[in-house]
Amino acid sequence: MDTRVTRSWDTRATERARRLSRAQTALGASLDNKRVVAEHATRLLEAVIAPFDRVCLEGNNQKQADFLARSLAAVDAAVVHDLHMVQSVLALPEHLDVFDKGIATRLDFSFSGPQGTRLARLVAQRRIQIGAIHTYLELFGRYFVDLTPHVALVTAHSADRHGNLFTGPNTEDTPVIVEATSFGGGIVVAQVNELVETVPRVDIPGDWVDFVVRAPTPALVEPLFTRDPAQISEIQVLMAMMAIKGIYAEYGVQRLNHGIGFDTAAIELLLPTYGESLGLKGKICKHWALNPHPALIPAIEAGWVESIHSFGSELGMEDYVRARPDVFFTGRDGSLRSNRAFSQAAGHYACDLFIGSTLQVDLAGNSSTATTGRIAGFGGAPNMGADARGRRHGSEAWLKAGREARNGLQGARGTPRGQKLVVQMVETFREHMEPAFVETLDAWELAGQAGLPLPPIMIYGDDVTHVLTEEGIANLLLCRDDGEREQAIRGVAGYTAVGLGRDRKRVAALRERGIIRRPEDLGIDQRDATRNLLAARSIRDLVRASGGLYRPPKRFRNW
Amino acid sequence: MSMSNELERLHFEFTGGRPVGPFVPALVGVVGSGNLEVLVEPREDAACTVEVSTSARGFAPIWEAVMEDFRERHPLAGLRVSINDMGATPAVVSLRLDQAVAEIAGPRP
């Protein structure tokens, strides 16, 4: 039987050619090779985007294709409608305006940070159908499977006349988006700050790019990883001491990723002081998947850090990075080359430890940043904060964690393998006395409100290996059943209702077995936990530590 | 947490502790958002009293648990503890109490 279908096999190429010629007609003489004038950007988008297209609007953690976002929000919804937006981050109002105006109806994304409340409202009003809230790697993966964009709207620093793009330090998601779109038969439109004769380096080859628009204003880039050391508390210093002595030293953690926040900034600032006093230099924290955190400058300068690969950049760190090419990945032009897809893969597979904060932890150790009425998404934490089940390389830290988890087990569950260390570091109460430990995550209620098939849990409890609070460390690897796990979590949950609900006898027994360790069990005297231990106590100290190379932005988010 | 201008006042009293003897009053911490001030003064009798004045209303059971643990860590008598709180977390409260006791106990060996 002949099962061959009769069809043409190049419909994507034909459609692409049709759209390119439609753009040519719409723009006429104003189209100079690939260059489109800014006033015609919306006209271009109306010509190359068709209803029901999947469109990737480059919305990253830091840099934004803001001009193209505005241009897309300005298209005629009678011409361009029912788009399926696929993008990493919903950061700008325009990212949701397209749904308000009926230009788009479907959404697959990773993180929505500042737009989380409005997103929840639009979902409740059924203006947006969410496909899924992905992790970064998962969304990027789907760009190559079943969510390949028909059109990508990206941003770069500069372009030459062939369309070669230079992204500068904030390369971020551009390569993965353009690769999927261009080789998937789609159309790539780039906004740039400058048109130049020759780009300093080629981040995206010109023949993958169809149109280039010089935006009237430089693309928005936000500093997200700057934390003012002046705001680090003594409690955070104490927790950082416990992390270094009770986890990093204990497992010999060489390769790691730090989540964003003051808790992890405190660890970074304690390496050259407290870490040094414990004789840990050269034994821990040598290789990082990390954005260029200003708080890591003192540790780099003290010779702790061998390498850092970055997801994105951080405003103000450009000159410092340029002056430390042995540590950072840099181009022949000298500036940082970041890449979110590769750094996420590195963070997932090649790191021994992920440590980060969260908003809520339940009795199973599930961790979530979702709160009622706000769909925030996850970003990178779930890739970093998940055991890499495909990993094979046996580092000391990974093997030790695996031994602790599998000790005494038989069969498939007892087969020797390692495990990634995934640490949730939280003060038992957040600001305004919001408890970080809860019986039920808000994520469950949110799943109901938004019609999600699963509660949006950021890090699954069975991936969490340690919960670290000001009260101590709970080692969940050593727990042998759900009851022990629950009491281990209650045992570090302080005066929250969850903490007060502990079984004191069982918690004492867990402490005997080293499953719960208090500061004093680790040989840490709380009275030593002062801000004097911080290698930098202000932004000015960081500038000084960098030899004047770090230039802090005037404004940065400091949550 | 409901912040209001009206302060909530709480009183705790413990007995049966070890008399600390005479000491110079000690003040630790500052009155600022998320922080607190702890003043420790000697008392004539063998009690240990704690007066709490807090801007964060409605957390009496947590204060009680924090004070119970404080008494367990430091079973002392003959002192009056006064707390001016501006919404500090229990961890910070416990830390300041420990710092205050360390102050009156003199320098560490």
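Which residue in S7(B) is the bridge partner of Pro42(B)? In S7(B), that partner is Leu79(B). The model described here is predicted. The briefing takes chain B and the contact between the chains, and then turns to the sheets, helices and nonpolar core of chain A.

**Chain B: strand S7 and its partners**

- Strand S7 of chain B spans residues 79–85 and has one covered face and one uncovered face.
- Leu79(B), Val81(B), Ile83(B) and Asp85(B) form the covered face, while Arg80(B), Ser82(B) and Asn84(B) form the uncovered one.
- Strand S4 of chain B (residues 36–42) pairs with S7(B) in the antiparallel sense, over seven bridges.
- Strand S5 of chain B (residues 48–57) runs parallel to S7(B) and is joined to it by seven bridges.
- Within that S5–S7 pairing, Thr49(B) has Arg80(B) as its bridge partner, a residue of the uncovered face.
- Leu79(B), the partner of Pro42(B), belongs instead to the covered face.

**Contact between chains A and B**

- Chain A contributes 13 residues to the contact, and chain B contributes 13 residues.
- On the side of chain A that touches chain B, five residues are nonpolar, four are polar and four are charged.

**Chain A: the open eight-stranded sheet**

- An open sheet in chain A has eight strands in the order S12-S11-S10-S13-S16-S17-S18-S19, and its pairing is mixed.
- Its edge strands are S12 (307–309) and S19 (516–517), each of which pairs on one side only.
- S10(A) (residues 255–258) and S11(A) (residues 287–289) pair in the parallel sense through two bridges, with Arg255(A) opposite His287(A).
- Helix H9 of chain A (residues 262–277) lies across S10, S13 (353–356) and S16, and runs at about 135° to S10(A).

**Chain A: strand S17 within that sheet**

- Strand S17 of chain A (residues 466–469) is covered on both faces: His466(A) and Leu468(A) are buried on one side, and Val467(A) and Thr469(A) are buried on the other.
- On the S16 side, three bridges join S17(A) to the parallel strand S16(A) (residues 421–425), and Val423(A) has His466(A) as its bridge partner.
- S16(A), helix H16(A) (residues 442–450) and S17(A) together form a right-handed β-α-β unit.
- S17(A) is also joined to S18(A) (residues 472–475), which runs antiparallel to it, by four bridges; in this pairing Val467(A) stands opposite Ala474(A).
- The connection from S17(A) to S18(A) is a hairpin through two residues.

**Chain A: strand S2 and its parallel partners**

- Strand S2 of chain A covers residues 54–57, and its residues are buried on both sides: Arg54(A) and Cys56(A) point one way, and Val55(A) and Leu57(A) point the other way.
- S2(A) runs parallel to S3(A) (residues 83–89), to which two bridges join it; Arg54(A) stands opposite His84(A).
- A right-handed β-α-β unit is made by S2(A), helix H3(A) (residues 66–73) and S3(A).
- Three bridges join S2(A) to S6(A) (residues 151–159), again in the parallel sense, and Val55(A) stands opposite Val151(A).

**Chain A: helix H7**

- Helix H7 of chain A (residues 174–183) is mostly covered, with seven of its 10 residues buried.
- Those buried residues are Thr174(A), Pro175(A), Val176(A), Ile177(A), Val178(A), Ala180(A) and Thr181(A).
- Among the elements of chain A that cover them are S2, H6 (136–143), S6, S8 (187–195) and H12 (340–350).
- After H7(A) comes Gly185(A), which has a positive phi, near 85°.

**The largest nonpolar core**

- In soluble globular proteins, nonpolar side chains tend to be buried together.
- Here the largest nonpolar core has 193 residues, and Ala243(A) and Leu270(A) have the most contacts inside it.
- Helix H8 of chain A (residues 234–251) supplies the largest share of this core, 12 residues.
- Outside its neighbours within four places in sequence, Leu270(A) is in contact with Val237(A), Ala240(A), Met241(A), Ile244(A), Gly275(A), Leu533(A) and Leu534(A).

Notes:
Residues numbered from 1 in each chain as written. Chains lettered and ligands numbered in written order. Predicted model: local features only at pLDDT ≥ 70, side-chain atom pairs only at ≥ 80, totals over all residues. Buried ≥ 20, exposed ≤ 12 C-beta atoms within 10 Å, placed from the backbone. Pairing = 2+ DSSP bridges. Right-handed = clockwise from strand over helix to strand, strands pointing away. Contact = placed C-beta atoms within 7 Å. Nonpolar A, V, L, I, M, F, W, Y, C, P; charged D, E, K, R; others polar. Core = buried A, V, L, I, M, F, W, Y, C linked by C-beta atoms within 7 Å. Axes fitted to C-alpha atoms, helices over the stretch in contact; angles between N-to-C directions.
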